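Visitor: Could you take me through this one and show how each label is earned?
Guide: Sure, let's have it up on the screen.

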Amino acid sequence: MSKQGVTLIGLGPMGRAMVRALLAAGHPVTVWNRTASRADDLVAEGAARAGTVADALAANELVVLSLTDYAAMYAVLEPAAAALDGRVVVNLSSDTPERAREGAEWAAGYGARYLTGGVQVPAPLVGQPGSATFYSGPEDVFEAHRATLEVLTEADYRGADPGLSQVYYQALMTVFWTTLTGHLQAQALAGAHGIPAAEYLPYAARAAETASSFLPAIAADVAAGRYPGDEATLAMCAATTEHALQAARDAGLDTTVPAALAALFGRGVAAGYGTESFTSLIELVRKPAA
């Protein structure tokens, strides 16, 4: 049985990895990129090059976008928007939930059916076991193309609202980047005191594992709207963030990250949550700072 043809627009590292995964699985793939030469090696490997965006859209019903953001989608597709009629557009570009919803409405206006996605792995892990992508949009569209999309990664459908995939994706990006940025700050502090990276690393890994063990309790507190401080109060935690901030100052480091952390904890104490737990900070995070 012949495999479904796919058009892939956007040949950055992620798009290129997706093309190769699809080709390896036997799918005919048509590609387009603003810089046409980026397709040269993929064409040599079996992809078909489209001369224009309109040609790329016309080549297959299923069109996958791997672009920087939604602004890039409009820049690429608007000149050829008439060719969207009857296409299934799967936008795997990163952006906000609201922009994802707006993009779905825009595409529908030209007769396209639309899924949004958030890829949870870097390009080298595309096509590998354990990789996954969040999807949202019409469930019947998702199910019709699930088998092809699962060539790229496992497909985790989150619901009909086209913004949901980006809610999940951006939430996880917040966890990912704050965790790794915190590690950089800690690595800099260790290095400033002569501790080699290799010596510090196992302790960093242990701290990350310990932090993850708190997630179920945090989720339960937030769901209940109760933040008991019987094990550790926010005031105690705020003191440790101040110590971390001063340690960075004393070491001559940039203090952007620890200062932001100490400021948030300090605001929580000032707002009256000092005797409650750290999770009470969600009451501040849920609304903009004054």
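Guide: We'll go through salt bridges, burial, a helix and the pockets, in that order. A word on origins: this is a predicted model, where local features need pLDDT of at least 70, side-chain atom pairs count only at pLDDT 80 or more, and totals for chains, interfaces and linings use all residues. Residues are numbered from 1 along each chain as its sequence is written, and side-chain values use heavy atoms, with hydrogens and water left out.

Visitor: What makes R99 and D95 a salt bridge?
Guide: The term asks for a side-chain nitrogen of Lys or Arg within 4 Å of a carboxyl oxygen of Asp or Glu. R99 and D95 have an N to O distance of 2.8 Å, so the pair qualifies. By this rule the count comes to 12 salt bridges, and R16, R20, D41 and E45 are linked in a network of them.

Visitor: Why is D95 called buried, and what is R99 called?
Guide: Buried means under 20% relative accessible area, exposed over 50%, and partly exposed in between (1.4 Å probe, protein chains only). D95 has 9%, so buried it is. R99, at 43%, is partly exposed.

Visitor: What does the salt bridge between D140 and R113 tie together?
Guide: Their N to O distance is 2.9 Å. D140 lies in helix α6 (residues 139–149) and R113 in strand β6 (residues 113–119), so the pair ties together parts 27 residues apart in sequence. Helices here are DSSP runs of H or I with at least four residues, strands are E runs of at least two, and both are numbered from the N terminus. D140 has 47% relative accessible area and counts as partly exposed, as does R113 at 39%.

Visitor: And how far apart along helix α6 are R146 and E143?
Guide: They are 3 residues apart, so about one helical turn separates them. The R146 and E143 side chains meet in a salt bridge at 3.0 Å, N to O.

Visitor: How do you know that the length of helix α5 agrees with its residue count?
Guide: The expected span is 1.5 Å times one less than the number of residues. For the 13 residues of α5 (residues 97–109) that gives 18 Å, and the end C-alpha atoms are 19 Å apart, which agrees. Among the buried residues of α5 are P97, G103 and W106. The buried residues of α5 pack against α4 (70–77), β6 and α7, contact meaning heavy atoms within 4.5 Å. Just after α5, G111 takes a positive phi of about 90°.

Visitor: What makes something a pocket?
Guide: On a 1 Å grid over the protein atoms alone, where a 1.4 Å probe fits, a pocket is an open set of points with protein on both sides within 12 Å along at least five of seven lines; lining residues have an atom within 4 Å of a point. The largest pocket has about 2500 Å³ of space. Of its 50 lining residues, the closest to the centre are T179, A211, L261, F265 and F278. Helix α7 gives the largest share of that lining, 13 residues.

Visitor: How many residues line the second largest pocket?
Guide: There are 18, with M14, L92, V119, V121 and Y169 nearest its centre. About 420 Å³ of space lies in this second largest pocket, and α7 gives the largest share of its lining, 4 residues.

Technical notes:
Grid points are joined across faces, edges and corners, and a volume is the space filled by probe spheres set on the points.
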